[in-house]
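Me: I would like a close look at a single part of this protein, worked through slowly and in connected prose. Please take one helix as the starting point, and then follow what surrounds it.

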Amino acid sequence: TSDISLAFTDLARIMMLCNLAIIALTLCRRSSAVTAPNDRSVTIPPSAAKSCRKEVEEVKIFEENHIELMRLAVCLHVNGNTNLAFDMYTLIRHHFPTHSYVLVNMGIVHLKQGNVEKAQELIEQYLTEVGGMHGVGEITDEEALKHGSPCHANNIHKQDCTNALNNLAAAHITSGKNSTAVAAYLSRAIEIGDESMLGDAYANYGGHLAKIGDQDAAADSLIRGFWISLRKNRIDAAIALLLRRAFLVPTVYSSLVETDDARIQFRQRIRDITVLAHNGGNNWMEDKGDLFRLDNYEVSIQEIQGIPPLKGKLQNLSEIQSPHFYVHYNGLYDLPIQKEVSEMFALLCPPSLFEVSPHLARKDRITKQRMKRIGFVSSLIGGNEPHGLLVLDVIRSLKGLFQFYVVSIGSKTLTTEFHTVSDGAYEVGYDSRAARTLLMSLELDCLVFAEAMNEAIVYSLGYQRFAPVQVLVMGSPVTSGIPTFDYFLSGDLLEHVRPS
């Protein structure tokens, strides 16, 4: 999904006296519990408590408890304990209803889970409670009542509003229904925020501009976000933005000459990033692929030369949001380009990208007698998508010969029939960690990707080994170049004559 800003922004400033006491129990051997007076509670298992030990210990039994609870909830969230964090956010909202920013983080959880409309509703409610995105409406948020609406450029808490506007834009980008709203929210965030606050906003604005066809402006916005993220030492986010800029190509070409030029530039940018992975910008002399947009963005060659080596620094491949989707609609032979992109990712990402499901290493895997398990994964498998309808027909035809499991990535909802005809049907939203964990737990014998080039989480899953046999089918018009796909199913009328 689009870039989101999860921030516990100066919540230490929100010290207040509250009539309700929250009782917070300490860490014990089995678990910890945060309990409200009416017995509403959130139990924190040892594994989650371990990653947030400091925050758990700081939750005290006293009335000014909102801040410590929020810190704990955010710690759980950023460490991947999303459901637990959401329970904490709900507890905070219930007992501290005049502290509105928790609504933004609740919206982020829903957005990650693919519940786009609920995410929009919660973040819009936050903006309503702080006076609207222009800060001129009625205010009910306690902090905004003290200091004025954060949706003003001169407000000391304006990052709260810029984060909210950015995440609301991200939700609308994900739904793909209201480009006017996206532009309005991001433009307002940029008006309010300082440059250092706007890395994610420029990232989302670049994605929006690319979607409406303004590739040059999109490239400028993404590069601006790259430099903001790099200067704040957000290396992972910076690399993702550099890749998103590199992947920008026209969606429509006016001539074969323009097509060839764009492909040459694209390939040059991939090679430039490969060099940056190995050496950083140390020997950078010329921006041949226009990667850094030097004619449009004021940055010196010396700054580029200061970029550190990027090898192994891209911790979350799904942050690229969309793979290089439009490169493959030119009707040309793309396997060499695809392999270069795959090799680039192998350099940028740490070894954890190439996980192998534990069941594949077990000695009893071959001798264990059971019906073969086939999995299907895609971001285009819900609703009435053609990909999903094709998968349904396969499952209907072969049910009884195999066990079938279906995993939907993104915001599309699986139809009832998927749950009826398959042995397991799952929706994981935009949670890449949940997707990996689920696919490993299924202990599959074959995993079929209905596509790989439409969504970054699906693409990143393709680099991992979840089954002895992994197959990519014709959801995109070319193969992927990823070595962990064993087969690519195509058709004789879909293939290109290889150049001699």
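**Helix α15 and its surroundings**

Reply: The buried residues of α15 are L335, I337, Q338, E340, V341, S342, M344, F345, L347 and L348. The model is a predicted one, and what follows should be read with that in mind. Helix α15, which runs over residues 335-348, is mostly covered, with 10 of its 14 residues counted as buried. From its first C-alpha to its last, α15 reaches 20 Å, close to the 20 Å expected at 1.5 Å a residue. As for what does the covering, the buried residues of α15 pack against three helices, namely α12, α13 and α19, the last of these being residues 456-461.

Of these neighbours, α13 can be described in some detail. Its 24 residues should span 34 Å at 1.5 Å a residue, and because its end C-alpha atoms lie 35 Å apart, the model agrees with that expectation. Along α13, the buried residues are T259, A262, R263, F266, R269, I270, D272, I273, L276 and A277, a list that includes the charged residues R263, R269 and D272. The cover over these buried positions includes α12, residues 235-246, as well as α15, and α15 in turn has its buried residues packed against both α12 and α13.

The contact between α12 and α13 can be followed residue by residue. The two helices pack at an angle of about 160°, with their axes 9 Å apart. Since angles over 145 degrees count as roughly antiparallel, that makes α12 roughly antiparallel to α13. The crossing in which α12 passes α13 is right-handed. On the α12 side the contact is made by L242, L243, R245 and A246, which meet F266, R269, I273 and L276 of α13. Sorted by class, this contact of α12 with α13 holds six nonpolar residues, no polar ones and two charged ones. The four α13 residues named in this contact, F266, R269, I273 and L276, also appear among the buried residues of that helix.

The chain that leads away from α13 has backbone details of its own. Just after α13, G280 takes a positive phi of about 65°. Further on, in the loop between α13 (256-279) and α14 (301-305), lies D290, which has a positive phi of about 60° although it is not a glycine. At 22% relative accessibility D290 counts as partly exposed, because the cut-off for a buried residue is under 20%.

The loop that follows, between α14 and α15, holds Q321, and this residue too has a positive phi, of about 70°, without being a glycine. Q321 counts as buried, because its relative accessibility is 13%. The loop that contains Q321 leads into α15 (335-348), the helix from which this account started, where L335 is one of the buried residues.

Notes
Residues numbered from 1 in each chain as written. Predicted model: local features only at pLDDT ≥ 70, side-chain atom pairs only at ≥ 80, totals over all residues. Heavy atoms only, no water. Buried < 20%, exposed > 50% of the residue type's maximum accessible area, 1.4 Å probe, protein only. Expected span 1.5 Å × (residues − 1). Contact = heavy atoms within 4.5 Å. Axes fitted to C-alpha atoms, helices over the stretch in contact; angles between N-to-C directions. Parallel < 35°, antiparallel > 145°, perpendicular 65-115°, else oblique. Left-handed = near helix turned anticlockwise from the far one by under 90°.
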